[in-house]
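Biologist: Got a fold here that I'd like to talk through with you, piece by piece. Could you pull it up?

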Amino acid sequence: MAMMETTNGRFSDKLLGLLDKVEYRRVETSEDMEDIARIRYKAYKAGSVMHLGEETPLLIDEADFDSQAYVFGVYHEERLISTVRLHHVTPDHRVTSSGKVFPDEIKAFLDAGMSLIDPVRLAADPEIWSEMPAIPYLTLRLATMAADYFDADRVLQMVKPAHAAFYRRVFDGDFVASPKSNQGKFIIDLMLMATRCKDVRSSLYKRFPFFQSEAFERRLLFARGEEMPFSPLTVRPTARLAHAHSRIDIAGGIYG
């Protein structure tokens, strides 16, 4: 147990170090969206994820512009390394990519009054992936922040069966639906998992402190309308600050 905690500690320190050189950008301009689409295309082609036509290399669809969709680029030392699209799915707003593949399961969640975070279009530059295998953690940190900001009940994981162990180990993802084949343009099989955000939040942040964030970071990333009349150009991660604050809280405050 002590060895596992030491290993996790070293890994978390490494990730916190990487986050010091990371910026998140919410993508809302056509120019930035084209950069995101190129990353998607390169990643999906390299991973043989879906049928792709050479004549339409830019993967952009109407869901990218939904009022409760958030497209992000992750930049490391000012280089775009990955992207993800997050949907805030509610009983009153049911736009979700995972729902196209698993309609009955998503409907059951929403009919029960739950709110969901649906991370899709996860893609990393294949030229960088081999030299930076921590990219999924840096990118999926956005999903944990969305779950906190929107006080969601579940974070969905529509994934390849081979990736299920990762989501179970890191995010305590629960099995929801068996793999399906031949879904739309997808070549790969897809299964559905979901994390019970409010139940696992405390243990997740204890095991992986780099997933933590300050409220102002979450607001800069997800607020819209009157709450955030402008879109910040870049947002720097606050994991290190949030981790320091949590350690103070555990110790009983600054003055003990």
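What follows is a chat about the sheet, the helices around it and a few side chains.

Modeller: Sure, and keep in mind that this is a predicted model. Where do you want to start?

Biologist: With the sheet. Which strands are its edge strands?

Modeller: The sheet is open, has seven strands and mixes its pairing, in the order β1-β2-β3-β4-β5-β7-β6. Neighbouring strands are turned against each other by 25° on average, ignoring direction. An edge strand pairs on one side only, and that applies to β1 (22-26) and β6 (174-180).

Biologist: Take β4 and β5, then. Which residue in β5 is the bridge partner of Ile117?

Modeller: Strand β4 covers residues 116-124 and strand β5 covers 154-159. The two pair in the parallel sense, over two bridges. For Ile117, the bridge partner in β5 is Val155.

Biologist: Now the helices on the sheet. At what angle does α9 run to β1?

Modeller: Let's set α8 beside it: that helix (residues 197-207) lies across β5 and β7 (190-196), at about 75° to β7. Helix α9 (residues 215-222) lies across β1, β2 and β3 (79-89). Its angle to β1 is about 40°.

Biologist: And helix against helix: are α6 and α7 parallel, antiparallel, perpendicular or oblique to each other?

Modeller: The axes of α6 (residues 135-149) and α7 (residues 164-171) come within 13 Å, and α6 passes α7 in a right-handed crossing. On the α6 side the contact has Pro136, Tyr137, Leu140 and Thr144, which meet Phe166, Tyr167, Arg169, Val170 and Phe171 of α7. By class that contact has seven nonpolar, one polar and one charged residues. The axes cross at roughly 60°, so the two helices are oblique.

Biologist: α7 also meets α8. How many charged residues are in that contact?

Modeller: Here the axes come within 9 Å and cross at roughly 95°, which makes α7 roughly perpendicular to α8. Arg169, Val170 and Phe171 of α7 meet Val200, Leu204 and Arg207 of α8. Sorted by class, there are four nonpolar residues and no polar ones, and the charged count is two.

Biologist: What about α6 with α9: how many charged residues does that contact have?

Modeller: These two pack at about 95° with their axes 10 Å apart, so α6 is roughly perpendicular to α9. From α6 come Arg141, Leu142, Met145, Ala146, Asp148 and Tyr149, and from α9 come Glu217, Arg218, Arg219, Leu221 and Phe222. Six of the contact residues are nonpolar and none is polar, while the charged ones number five.

Biologist: On to single residues. How far apart in space are Ser67 and Arg224, C-alpha to C-alpha?

Modeller: Ser67 sits in the loop between α2 (30-46) and β2 (69-76). Leaving out residues up to four places away in sequence, Ser67 touches His93 and Arg224. Ser67 and Arg224 are 157 residues apart in sequence, yet their C-alpha distance is 9.5 Å.

Biologist: Last one: which residue's side chain makes a polar contact with the side chain of His243?

Modeller: His243 belongs to helix α10 (residues 239-251). Again skipping residues up to four places away in sequence, it touches Leu16, Pro209 and Gln212. The polar contact joins side chain to side chain at 3.4 Å, and the partner is Gln212.

Methods: Residues numbered from 1 in each chain as written. Predicted model: local features only at pLDDT ≥ 70, side-chain atom pairs only at ≥ 80, totals over all residues. Heavy atoms only, no water. Axes fitted to C-alpha atoms, helices over the stretch in contact; angles between N-to-C directions. Helix = DSSP H or I, 4+ residues; strand = E, 2+ residues; numbered from the N terminus. Parallel < 35°, antiparallel > 145°, perpendicular 65-115°, else oblique. Left-handed = near helix turned anticlockwise from the far one by under 90°. Contact = heavy atoms within 4.5 Å. Nonpolar A, V, L, I, M, F, W, Y, C, P; charged D, E, K, R; others polar. Polar contact = N/O pair within 3.5 Å; in protein donor to acceptor, adjacent residues only side chain to side chain. Pairing = 2+ DSSP bridges.
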